[in-house]
Amino acid sequence: MMQITSLFLPLSLTVSQSNSSLKKHRSRSIFSPFFCCFRNYNEYHVEPPPTNNKTPSLPPLPEENGSPPKPPAKFLLPEVSIADYGKNCVVIDLDETLVHSSFKPISNADFIVPVEIDGTVHQVYVLKRPHVDEFLQKMGELFECVLFTASLAKYADPVADLLDQWGVFRARLFRESCVFHRGNYVKDLSRLGRELSKVIIIDNSPASYIFHPENAVPVQSWFEDMTDTELLDLIPLFEGLSKEEDVYSLLQSLRNR
């Protein structure tokens with residue numbers, strides 16, 4: 001199982017625990033380092049981008065060996081489509097934000113996705129977070145929406161096919177588009193090719209947006225609580241963010257509450 005799960009984002013494809021005490025223990029042991037990274041943001045020595053950053057050119061990847069890499073030839077996203085021109089961009093995480101997946105059979109799974117690993121097909125059981133359909137449809141109306149997950153495409157792409165019945169995601173980015181920085185897969189928003197003051201990321205893992213915490217709308221990790229209403233509750237906030245010329249001011253006011 002370790003060999004299998006290592007091919008996916010460690011946070012995403014955990015085996016569901018029926019014992020609540022085991023689940024709580026697992027949550028602490030896996031997630032606490034990520035929240036620690038968020039609190040110790042300045043220790044990474046990564047300068048946040050200025051709020052008026054127009055992303056004129058693609059910055060190099062952060063390097064830990066001190067040698068600057070050659071910048072890639074293009075941004076991660078294509079040019080904005082005519083339909084999305086003038087809209088802000090929202091970057092949406094997949095696992096534990098929109099869905100929860102497990103190799104262990106789930107009786108009420110919304111999807112069962114076959115994934116081939118080393119010549120063997122494994123069934124991945126996927127639960128949709130409550131109100132995810134309504135949330136995605138609203139996001140598609142208001143924003144240029146991008147799926148950005150640290151999981152591999154062989155798992156995440158078919159899940160997105162089943163989840164997104166409305167063509168909300170204009171683009172899908174997977175693990176290879178992340179920056180592997182100090183043991184974490186980081187989603188470097190400066191590499192998208194969008195003005196950072198118009199980009200919002202929603203993600204359950206603060207380590208995923210450690211380079212740009214000022215662009216984030218945090219969301220609680222979701223596993224199986226079918227009474228959860230967080231996605232529904234976030235819709236009014238995103239309605240407000242969709243009208244902002246500069247998202248930083250509104251997001252900063254929320255952090256200061």
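These are my notebook entries on a predicted model, kept in the order in which I looked things up.

**Entry 1: the five-stranded sheet**

I began with the sheet whose strands are ordered β6-β5-β1-β9-β10; I noted it as open, with parallel pairing. Which strands form its edges? I found β6 (169–173) and β10 (216–218) there, each pairing on one side only. From one strand to the next, the twist averages 20 degrees.

Next I went through some of the pairs. Strand β1 (residues 89–92) runs parallel to strand β9 (residues 199–203), and four bridges join them. I picked out C89 in this pair and saw that its bridge partner in β9 is V199.

I then turned to strand β5 (residues 144–148), which pairs with β6 in the parallel sense, again over four bridges. Here F148 stands opposite L173 in β6. How does the chain get from β5 to β6? I followed it through α4, and I logged this β-α-β crossover as right-handed.

**Entry 2: the three-stranded sheet**

My second sheet is also open, with the order β2-β4-β3 and antiparallel pairing. I put β2 (99–102) and β3 (111–117) down as the edges; each has a single partner strand, so one side of each is left without a neighbour in the sheet. Neighbouring strands are turned by 30 degrees against each other on average, direction ignored.

I looked more carefully at β3 and strand β4 (residues 120–128), an antiparallel pair joined by seven bridges. Within this pair, V113 stands opposite V124 in β4. Which helix packs on this sheet? I found α4 (residues 153–163), touching β2, β3 and β4, with a direction that makes about 160 degrees with that of β3. This is the α4 I had met on the way from β5 to β6.

**Entry 3: the cysteines**

I searched for disulfides and counted zero in the structure. For C89, the nearest cysteine sulfur is that of C145, 7.8 Å away. A disulfide needs the two sulfur atoms within 2.5 Å, so at 7.8 Å I could not count C89 and C145 as one. Are these two cysteines buried or exposed? I wrote C89 down as buried because its relative accessibility is 2%, and C145 as buried because its value is 0%.

**Entry 4: a buried asparagine**

I then moved to N215, in the loop between β9 and β10. I noted N215 as buried, because its relative accessible area is 0%. What does N215 touch? Leaving aside residues up to four places away in sequence, I listed L189, L196, V199, I200, I201, Y248 and L251. V199 caught my eye, since I already had it as the bridge partner of C89. The C-alpha atoms of N215 and V199 are separated by 6.5 Å, while the two residues are 16 residues apart along the chain.

**Entry 5: a pair of helices**

Last, I looked at helix α5 (residues 230–241) and helix α6 (residues 247–255). Their axes come within 10 Å and cross at roughly 145 degrees. Which residues meet between α5 and α6? I found L237, G240 and L241 in α5 against V247, L250, L251 and L254 in α6. Sorting the residues of this contact, I got six nonpolar, one polar and no charged. L251 was familiar to me by then, as it is one of the residues that N215 touches.

Definitions and conventions
Residues are numbered from 1 along each chain as its sequence is written. This is a predicted model: local features need pLDDT of at least 70, side-chain atom pairs count only at pLDDT 80 or more; totals for chains, interfaces and linings use all residues. Side-chain values use heavy atoms; hydrogens and water are left out. Buried means under 20% relative accessible area, exposed over 50%, partly exposed in between (1.4 Å probe, protein chains only). Two strands pair if DSSP finds at least two bridges between them. Helices (H or I, at least four residues) and strands (E, at least two) are DSSP runs, numbered from the N terminus. Axes are lines fitted to C-alpha atoms, for helices over the stretch in contact, and angles run from 0 to 180 degrees between N-to-C directions. Contact means heavy atoms within 4.5 Å. Ala, Val, Leu, Ile, Met, Phe, Trp, Tyr, Cys and Pro count as nonpolar, Asp, Glu, Lys and Arg as charged, and the others, Gly among them, as polar. A crossover is right-handed if, with the strands pointing away from the viewer, the path from the first strand over the helix to the second runs clockwise.
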